[in-house]
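Me: I should like a close examination of one part of the structure shown below, chosen by you. Please set out how that part relates to the rest of the chain, and where caution is needed in reading the coordinates.

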Amino acid sequence: MTVLVVLAMFVTACGSTPPPEPPVGTQAATGRELFVGEFGCNTCHPGGQKGVGRDLVGPEFRQRHPTDASVREQIRNGGGQMPAYGEERMSEQQLQDVIAYIRWLNEQQAQ
Ligand code: HEC
């Protein structure tokens, strides 16, 4: 327990936001793996929050992207400092998984 507390303090001190973890085996959990790993979304959207990139959680985000289609468009096309994740780089399935993770993050916050 003490170790966990110390670890938590250490992580906080470093200013990094550990991305929340959805239940194992869900589509959102697969999406998190991709978000943090392969596609490096977490570098610019730490824990789904504002970094170099915009906040991907909260009422303003949900207002800007009420449907998955518009989130999808942003990821496929990029924009500003965000790279485009075209089909040659990210499969349709992976795209759906990543969106499921972003939606899950929003559901957590809305509760
Ligand atoms: C190099 C930094 C960078 C990376 C990597 C990155 N993004 Fe972004 N992202 C941005 C920036 C900057 C914006 C704001 C774009 C703009 O101003 O048009 C943004 C915007 C977004 C938006 C729209 C936010 C809004 O409120 O309209 C979504 C959704 C998003 N990113 C998802 C992702 C996902 C998913 C990944 C990984 C597959 C990713 N981003 C990787 C920098 C990044």
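Reply: A helix here is a DSSP run of H or I with at least four residues, and the helices are numbered from the N terminus. By that assignment, Gln109 belongs to helix H6, and H6 is the part examined here. The model is a predicted one.

The setting of the helix comes first. The chain contains 6 helices and 0 strands, in the order α-α-α-α-α-α along the sequence. It has 111 residues, of which 16% are buried. Of the contacts in the chain with a separation of 6 or more, 57% join residues 24 or more positions apart.

As to its geometry, helix H6 covers residues 92–110, a run of 19 residues. At 1.5 Å a residue, with the expected span taken as 1.5 Å times one less than the number of residues, H6 should extend over 27 Å; its end C-alpha atoms are 27 Å apart, so the expected and modelled spans agree.

The next matter is the buried part of the helix. Leu95, Asp97, Val98, Tyr101, Ile102, Trp104 and Leu105 are the buried residues of H6. They pack against helix H2 (27–36) and helix H5 (68–77).

Val98, a residue of helix H6, illustrates this packing. A residue is buried if 20 or more other C-beta atoms lie within 10 Å of its own; Val98 has 26 such neighbours inside 10 Å and therefore counts as buried. Its contacts, leaving aside neighbours within four places in sequence, are Gly31, Leu34, Phe35 and Ile75. Val98 and Thr30 are 68 residues apart along the chain, yet their C-alpha atoms are separated by 7.7 Å.

Leu105, another of the buried residues of H6, has contacts with Pro20, Gly48, Leu56 and Val57 when residues up to four places away in sequence are not counted.

Gln109 offers a contrast with Val98 in burial. With 14 other C-beta atoms within 10 Å, Gln109 falls between the limits for exposed (12 or fewer) and buried (20 or more), so it is partly exposed. Outside the residues up to four places away in sequence, Gln109 touches Val57 and Gly58. The C-alpha atoms of Gln109 and Gly58 are 7.1 Å apart in space, while the two residues stand 51 residues apart in sequence. Val57 is thus a contact of Gln109 and also a contact of Leu105.

The helix also has a place in the nonpolar core. The largest such core of the model has 12 residues in all: Ala28, Phe35, Cys41, Leu56, Val57, Ile75, Leu95, Val98, Tyr101, Ile102, Trp104 and Leu105. H2 and H6 are the elements that give two or more residues to this core, and H6 gives the most, with 6 residues. Phe35 and Ile75, both members of the core, are among the contacts of Val98.

The loop between H5 and H6 also deserves attention. Gly78 lies in that loop; it has 12 C-beta neighbours inside 10 Å and therefore counts as exposed. Its contacts beyond four places in sequence are Pro83 and Ala84. Gly80 is found in the loop between H5 and H6 as well, and 7 C-beta neighbours inside 10 Å make Gly80 exposed too. Between the C-alpha atoms of Gly80 and Gly53, which are 27 residues apart along the chain, the separation is 9.0 Å.

Gly80 and Gly53 also appear at the ligand. There, 23 residues form the surroundings, the closest being Cys41, Cys44, Gly53, Gly80 and Met82. Helix H3 (41–44), helix H4 (59–64) and H5 are the elements that give two or more residues to this shell. By class, the shell residues comprise 12 nonpolar, 9 polar and 2 charged. Cys41 is listed both among the closest residues to the ligand and in the largest nonpolar core.

Finally, confidence should be considered. The chain has a mean pLDDT of 89, with 84% of its residues at 70 or more. Among the elements, H2 has the highest mean pLDDT (98), and helix H1 (residues 2–13) the lowest (49). The pLDDT is below 50 over residues 9–14, a stretch with 2 contacts in the model beyond near neighbours in sequence. Where pLDDT is low, the predicted coordinates should not be read in detail.

Note on methods:
Residues numbered from 1 in each chain as written. Predicted model: local features only at pLDDT ≥ 70, side-chain atom pairs only at ≥ 80, totals over all residues. Contact = placed C-beta atoms within 7 Å. pLDDT = per-residue confidence, 0-100. Near = placed C-beta within 6 Å. Nonpolar A, V, L, I, M, F, W, Y, C, P; charged D, E, K, R; others polar. Core = buried A, V, L, I, M, F, W, Y, C linked by C-beta atoms within 7 Å.
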